[in-house]
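I set out to record what I looked up in this structure, entry by entry. The model is a predicted one, and I read every entry with that in mind.

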Amino acid sequence: MVGGIIVLILFLILLWIAASCIRIVPQAHAYVVERLGAYQGTWAVGIHFKVPFFDKVAKRVILKEQVVDFAPQPVITKDNVTMQIDTVVFFQITDPKLFAYGVENPIMAIENLTATTLRNIIGEMELDQTLTSRETINTKMRSSLDIATDPWGIKVNRVELKNIIPPAAIRDAMEKQMKAERERREAILRAEGEKKSTILVAEGKKESAILEAEAEKQSAILRAEAQKERMIREAEGEAEAIMKVQKATADGLRFIKEAGADESVLRLKSLEAFEKAADGKATKIIIPSEIQGIAGLASSLREVMAHQ
């Protein structure tokens with residue numbers, strides 16, 4: 001009975017040892033394995049077996065990109081302004097062996113390296129340049145950190161300046177400067193708006209005056225054309241009347257001529273014209289002497305005709 005229990009215990013111990021020798025490495029991970037204290041190899045993704053009591057997993061390494069947010073660091077600019085700047089570093093482990101044996105505390109090493117690199121870069125720049133050159137600072141820091149961390153099996157992908165905090169006095173001065181700049185821009189915009197408004201009003205008045213002058217011109221042209229047409233019609237009417245009078249006169253003369261009238265008849269016609277001219281409206285008519293003789297002749301003719 002006791003022997004069976006011992007065998008069972010031994011079997012369970014062997015089963016536990018066999019199970020402990022099996023390792024499954026998940027995705028985006030790597031295991032650094034040592035044998036008797038020396039580096040034996042790096043296990044990638046998958047199932048692996050180790051030698052009992054000889055092999056051990058010295059370090060489990062995450063191969064995914066990692067983010068480290070460092071606390072604000074005091075830095076001094078070229079014009080002796082002390083600021084607080086905190087940075088964010090994005091890095092990725094590319095060589096698990098170098099990461100395991102290159103430096104004792106990689107994260108602390110990256111933090112210290114970031115602080116010294118930032119101080120060196122900011123120390124060559126003035127305050128205004130620092131506040132407006134974040135991209136330049138990020139690029140320089142990434143390049144310097146990537147080169148420095150390469151022996152540790154670390155690749156620095158990006159470095160971002162999270163916050164730049166100048167002293168309170170500098171912040172107050174900057175706020176006053178920004179306020180003055182905004183007021184200046186507002187005044188400029190207001191002046192430009194008033195200028196454009198004045199120009200538009202002047203252009204509107206100019207166009208209105210041009211349109212009124214053009215309308216008056218067209219109206220004068222239309223009035224002149226109407227008056228011209230009216231005068232033409234009146235002249236045509238007068239000409240037509242004159243033509244009719246002249247035609248009637250010519251017809252009368254032609255009829256007299258065709259009737260064989262002599263000078264005496266023409267003078268009698270003249271007398272009749274004088275008679276019609278008087279028509280009882282004139283109180284005194286002056287008749288030429290030759291026409292008076294004709295009048296006497298006409299009376300004698302009437303008497304002779306009466307005796308017959």
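**Entry 1: L36 and its hairpin**

In which loop is the place of L36? I found L36 in the loop between β2 and β3, the latter covering residues 38-43. I then looked up the backbone of L36 and noted a phi near 55°, which is positive although the residue is not glycine. As a general matter, most residues other than glycine have a negative phi. I therefore marked L36 for a second look, since its phi is a positive value in a residue other than glycine.

The strands on either side came next. I recorded that β2 and β3 run antiparallel and are joined by five bridges. Across this pair, Y31 stands opposite W43, which belongs to β3. The two strands form a hairpin with two residues between them, and the positive phi of L36 occurs in this hairpin. Is L36 buried or exposed? I entered L36 as exposed, because its relative accessible area is 65%, and the cut-off for that term is over 50%.

**Entry 2: A28**

I looked up A28 as another residue with a positive phi that is not glycine; its value is near 65°. A28 sits in the loop that connects β1 (22-25) with β2 (29-35). Its relative accessibility is 21%, so I entered A28 as partly exposed. The limit for a buried residue is under 20%, so A28 does not count as buried at 21%.

**Entry 3: T149**

I turned to T149, which is part of helix α5, residues 134-149. I entered T149 as buried because its relative accessibility is 0%. What does the side chain of T149 reach? I found that it reaches the backbone oxygen of I154, at 3.2 Å. Setting aside residues up to four places away in sequence, I listed I110, L113, I154 and V156 as the residues that T149 touches. I154 thus appears under T149 both for the side-chain approach to its backbone oxygen and in the list of residues touched.

**Entry 4: T77**

I placed T77 in the loop between β7 (73-76) and β8 (82-93). T77 has a relative accessible area of 3%, so I entered T77 as buried. With neighbours within four places in sequence left aside, I noted contacts of T77 with M83, I122, G123, M125, E126, L127 and T130.

**Entry 5: the largest pocket**

I looked up the largest pocket and recorded a volume of about 190 Å³. Its lining consists of L127, D128, L131, T132, I170, A173, M174, Q177 and M178. Two elements, α4 (127-132) and α6 (168-259), each give two or more residues to this lining. Which element supplies the largest share of the lining? I found that α6 does, with five residues. By type, I entered six of the lining residues as nonpolar, two as polar and one as charged. I also noted that L127, listed in this lining, is among the contacts of T77.

**Entry 6: the whole chain**

Last, I looked up the chain as a whole. I recorded eight helices and nine strands. Of the 308 residues in the chain, 20% are buried. Among contacts in the chain with a separation of 6 or more, I noted that 63% are between residues 24 or more positions apart.

Notes
Residues numbered from 1 in each chain as written. Predicted model: local features only at pLDDT ≥ 70, side-chain atom pairs only at ≥ 80, totals over all residues. Heavy atoms only, no water. Helix = DSSP H or I, 4+ residues; strand = E, 2+ residues; numbered from the N terminus. Buried < 20%, exposed > 50% of the residue type's maximum accessible area, 1.4 Å probe, protein only. Polar contact = N/O pair within 3.5 Å; in protein donor to acceptor, adjacent residues only side chain to side chain. Contact = heavy atoms within 4.5 Å. Pairing = 2+ DSSP bridges. 1 Å grid on protein atoms, 1.4 Å probe; cavity = no way out; pocket = protein on both sides within 12 Å on 5 of 7 lines; lining within 4 Å. Points joined across faces, edges and corners; volume = space filled by probe spheres on them. Nonpolar A, V, L, I, M, F, W, Y, C, P; charged D, E, K, R; others polar.
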